[in-house]
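Colleague: Could you take me through this model and tell me what stands behind each term you use? I would like the definitions along with the values.

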Amino acid sequence: KDGYICEFYDNATTKENASLVHVTSGQETPNINFALLPKVQLPFGSISGSVTDFETGEPIACAIVVAIDVEHHLEEYHSKARTDSSGNYSIENLFPSKYRVIAWAEGYNFQVYPETVAVGPGENVTGINFQLKKKQHGAIAGNVIEKGSGLPLHALVIAHQVEGRGYGKALTDETGH
C-alpha cells in the first residue's frame, strides 16, 4: 500500500525469506495476514549528484535520474528527479534500501550507475554522478526492386537495432530508393 513498507509473507523483507502460501483449487486459504509499517516511521534519505556530457563535461539540464528499489524486489517502486540548469539532481524521500540508479537525457544513451547505492535511515548519499554519451546516428540507403525484372518497388523498409531498442523506417520513392 502506498505510504507503507512492502512486506512479503510472513513478515519477510525479501523474496528469498518469504514463506510460500499453498493454495488448493476451489478452497480458501485463510489467515494470510499482514501488519504493514508506515514509511513515515523511518527517517528518509536521498541520493544526489550531477549529470554531464561525457565529451565536453558540460552539465546536462532536464536529464532524468531514477532510483529503483532492488532490495525489496519492487521494480515498480522508484523515485525520480530532473537535473537543474547546472546538471545537479537530488532524489528525496527514499526509505532505507538499496537502489539501482539510472540516468538519461534527450539525445543521450542511458547509463546505469555501476554499483547499487545503499541508503541508510536519514542518510544523504552524494556523488552519484553520471557522464552521458551522445547517441550516435547514421543512415542506411539502397534500392528495392522486384527480383528478376529489376523494376523499382514502393516498399516499407525497417531497420531494427540488433542490440538495444532502436529502429528506423522509410518508404521507398517511385525509383525504389
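Modeller: Happy to. Two strands pair if DSSP finds at least two bridges between them. Strands themselves are DSSP runs of E with at least two residues, helices are runs of H or I with at least four, and both are numbered from the N terminus. This is a predicted model, in which local features need pLDDT of at least 70 and side-chain atom pairs count only at pLDDT 80 or more, while totals for chains, interfaces and linings use all residues. Residues are numbered from 1 along each chain as its sequence is written, and side-chain values use heavy atoms, with hydrogens and water left out.

Colleague: What makes strand 5 and strand 7 a pair?

Modeller: Strand 7 covers residues 117-119 and has 3 antiparallel bridges to strand 5. The rule asks for at least two, so the two strands pair. One place to look is Lys 98, whose bridge partner in strand 7 is Ala 118.

Colleague: How do you know that strand 5 and strand 6 pair?

Modeller: Strand 6 is residues 111-112, and 2 bridges join it to strand 5 in the antiparallel sense. The rule says at least two, so this counts as a pair. Ala 103 has Gln 111 as its bridge partner in strand 6. The two strands form a hairpin with 6 residues between them, and Gly 107 in the turn has a positive phi of about 85 degrees.

Colleague: Which strands does strand 2 pair with?

Modeller: Strand 2 (residues 64-69) pairs with strand 5 (residues 97-104) over 6 antiparallel bridges, and Val 65 stands opposite Ala 103 there. Strand 2 also pairs with strand 3, again in the antiparallel sense, over 5 bridges. In that pairing Ala 67 has Ser 79 as its partner.

Colleague: Which side chains of strand 3 are buried?

Modeller: In strand 3 (residues 78-82), Ser 79 and Ala 81 point to one face and are buried, whereas His 78, Lys 80 and Arg 82 point to the other and are not. Buried means under 20% relative accessible area, exposed over 50%, and partly exposed in between, with a 1.4 Å probe and protein chains only. By that cut-off, 31% of the 177 residues count as buried.

Colleague: What is the pattern of the whole protein?

Modeller: The pattern is β-β-β-β-β-β-β-β-β-β-β, with 0 helices and 11 strands.

Colleague: How does the radius of gyration compare with that of a compact globule?

Modeller: The radius is taken over C-alpha atoms, and the globule rule is 2.2 Å times the number of residues to the power 0.38. For 177 residues a compact globule would have a value near 16 Å, but the protein has 25 Å. Its C-alpha atoms fill a box of roughly 75 × 55 × 20 Å along the principal axes.

Colleague: Where are the positive phi values outside glycine?

Modeller: Cys 62 has phi near 65 degrees and sits in the loop between strand 1 and strand 2. Asn 93 has phi near 55 degrees and lies in strand 4, residues 88-94.

Colleague: Which peptide bond is cis?

Modeller: The bond from Tyr 9 to Asp 10 is cis, with omega near 5 degrees. Asp 10 belongs to the segment before strand 1 (45-53).
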